[in-house]
Amino acid sequence: MELSDTPNVAIYRRGFLPLSETFISDHIQGLNRYNPIIITENILNGYSINGHTPHLLHRAQAGKYEKVYNRLTGRYRHVGDVLSAPSTRLIHAHFLQDGANILSLAARRNIPLVVTAHGYDATVTAREHARRTEGLWYLMLKPFLLRYAHGIICVSQWIKQCLLEAGYPDHKLRVIPLGIDTSSLPPPPAAHGRRGALFVGRLVEKKGVNFLLDAWAKLPERVRSEPLTIIGDGPLMPALVAQAHRLGIQPHFLGARSRAEVFAAMARHRIFAMPSVRAANGDSEGLPIVLMEAQAMGMAVIAFDDGPMREAIKPGMTGLLARSRNSHDFADHLQTLLGAPDLCGDFGRAGRSHVAAKFDLRNRVAALEDYYDEILASTEARS
């Protein structure tokens with residue numbers, strides 16, 4: 001298919017692009033039958049996508065009132081012909097709040113809108129949404145988003161269930177998990193050459209690092225000689241460092257690290273610890289990409305039996321699940337796997353096969369493009 005014959009899909013993210021949102025850059029670079037056009041309101045110092053230049057929705061000199069007017073009316077004159085070309089057939093917004101942001105533009109230009117719900121956007125309470133301007137905007141426009149959006153993509157069955165409970169109609173929800181490029185990852189080293197446990201993630205309540213520290217402190221002293229490494233930063237960093245000091249343990253807090261450094265750490269560690277829980281404000285995992293990456297890197301996984309974890313791993317085959325918020329269970333699983341390199345090796349090999357079969361990026365993008373086709377066919381049949 002010639003590029004000129006390839007339909008365009010406008011991919012919207014309000015800020016393009018936070019370093020943590022590799023799944024959006026993977027989405028853009030993985031498309032085969034659709035040509036991505038990036039539209040945004042703010043270009044961040046995050047990922048740059050080779051060959052794809054983001055288009056700003058607002059002119060550089062636009063003030064607050066002009067931006068509010070643009071969002072209310074959907075005019076966005078600054079993007080000009082970017083979305084006027086007949087080949088721009090679809091808008092895909094990542095996160096529900098971004099779907100609400102771009103709703104008026106999609107409606108004004110009569111372009112079908114698809115939105116992906118990733119995690120916190122689908123799980124936090126209305127009170128939590130109302131604490132932020134974007135959340136208030138989403139709550140205000142939610143009835144219109146439910147009616148106008150042609151499809152809501154859920155990254156897991158767990159997210160679909162949360163949206164059903166929030167009033168979203170079942171016929172507009174489609175589960176399409178995210179994926180990773182398993183072919184680009186190096187072969188993982190043998191379990192016998194790896195030591196200790198690794199956590200990777202933002203240091204916020206839902207990540208449950210406090211439970212991991214409690215569990216580590218319950219291990220026998222000889223087991224605690226293994227390294228515990230925590231990669232990530234966030235508002236709970238000071239409290240977690242203080243907790244480790246009180247417990248008399250010495251995890252390695254490395255702060256934020258690049259993707260390459262994360263993979264290097266995965267190759268050194270035997271176990272990936274994912275003690276995620278649902279936070280008090282409802283915030284929950286959607287389907288963590290890092291959990292797919294850890295399994296693809298041959299790591300045995302330990303997680304709480306919470307949210308989407310049973311969709312992400314195969315309990316007893318690629319990892320172990322502990323009772324949610326139970327640090328004693330988590331400690332028991334840590335002790336078991338830290339002392340069983342052969343079992344970890346079995347889990348690691350099964351995990352890599354599991355991710356390649358279920359979460360391969362090419363297959364996930366193909367399913368997404370099939371869904372695009374389905375949306376366009378249904379809208380054209382009605383027109």
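## Exercises on a predicted model

Ile 230 is found in strand 11, which covers residues 228-231. Keep in mind that this is a predicted model. Let's start with that residue.

**Exercise 1.** Work out whether Ile 230 is buried or exposed, and which residues it is in contact with beyond its neighbours in sequence.

*Solution.* Step one is the accessibility: Ile 230 has a relative accessibility of 0%. The cut-off for buried is under 20%, so Ile 230 counts as buried. Step two is the contact list. Setting aside neighbours within four places in sequence, Ile 230 is in contact with Phe 199, Leu 203, Val 209, Leu 213, Pro 251, His 252, Phe 253, Leu 254 and Gly 255. Step three, pick out Phe 199 from that list: it sits 31 residues from Ile 230 along the chain, yet their C-alpha atoms are separated by 4.8 Å.

**Exercise 2.** Trace the seven-strand open sheet: in what order do the strands come, and how do they pair?

*Solution.* Reading across, the order is 5-3-1-6-7-8-9, and the pairing is parallel. The edges are strand 5 (55-56) and strand 9 (173-175), each pairing on one side only. Now zoom in on strand 8 (residues 151-154). With strand 7 (residues 113-117) it pairs in the parallel sense over four bridges, and Ala 117 has Cys 154 as its bridge partner there. Strand 8 is also joined to strand 9, again in parallel, by three bridges; here Ile 152 is partnered by Leu 173.

**Exercise 3.** Sort the residues of strand 8 by the way they point.

*Solution.* Begin with the rule of thumb: in a regular strand, side chains alternate between the two faces of the sheet. Then check the strand itself. Gly 151 and Ile 153 point one way, while Ile 152 and Cys 154 point the other way. Finish with accessibility: all of these residues are buried.

**Exercise 4.** Find the largest nonpolar core and say which residues have the most contacts inside it.

*Solution.* The largest core has 86 residues, and Leu 163, Met 266 and Phe 272 have the most contacts inside it. Helix 16 gives the most to this core, seven residues. Next, follow Phe 272 outwards. Not counting residues up to four places away in sequence, it touches Leu 198, Val 200, Met 266, Val 290, Leu 291, Ala 294, Met 299, Ala 300, Val 301 and Ile 302. Don't stop there, though: a second, separate core has 33 residues, including Ala 273, Ile 302, Ala 322 and Ala 331.

**Exercise 5.** Describe the lining of the largest cavity, then do likewise for the second largest pocket.

*Solution.* Take the cavity to begin with. Counting those of 30 Å³ or more, you get one cavity, and about 170 Å³ of space lies in the largest cavity. Its lining has 15 residues; nearest its centre are His 27, Pro 177, Leu 178, Arg 364 and Leu 368. Helix 1 (22-30), strand 6 (88-94) and helix 16 (361-382) each give two or more residues to that lining, with helix 16 supplying the largest share, four residues. By class, that's eight nonpolar, five polar and two charged.

Now the pocket. The second largest pocket holds about 340 Å³ of space. It is lined by 13 residues, with Arg 14, Glu 41, Lys 67, Arg 71 and Glu 134 the closest to its centre. Helix 2 (64-73) and helix 6 (133-148) are the elements giving two or more residues. The class split is three nonpolar, four polar and six charged.

Notes
Residues are numbered from 1 along each chain as its sequence is written. This is a predicted model: local features need pLDDT of at least 70, side-chain atom pairs count only at pLDDT 80 or more; totals for chains, interfaces and linings use all residues. Side-chain values use heavy atoms; hydrogens and water are left out. On a 1 Å grid over the protein atoms alone, a cavity is a set of points where a 1.4 Å probe fits but cannot get out, and a pocket is an open set with protein on both sides within 12 Å along at least five of seven lines; lining residues have an atom within 4 Å of a point. Grid points are joined across faces, edges and corners, and a volume is the space filled by probe spheres set on the points. Ala, Val, Leu, Ile, Met, Phe, Trp, Tyr, Cys and Pro count as nonpolar, Asp, Glu, Lys and Arg as charged, and the others, Gly among them, as polar. Buried means under 20% relative accessible area, exposed over 50%, partly exposed in between (1.4 Å probe, protein chains only). Contact means heavy atoms within 4.5 Å. A nonpolar core is a set of buried Ala, Val, Leu, Ile, Met, Phe, Trp, Tyr and Cys residues joined through side-chain atoms within 4.5 Å. Two strands pair if DSSP finds at least two bridges between them.
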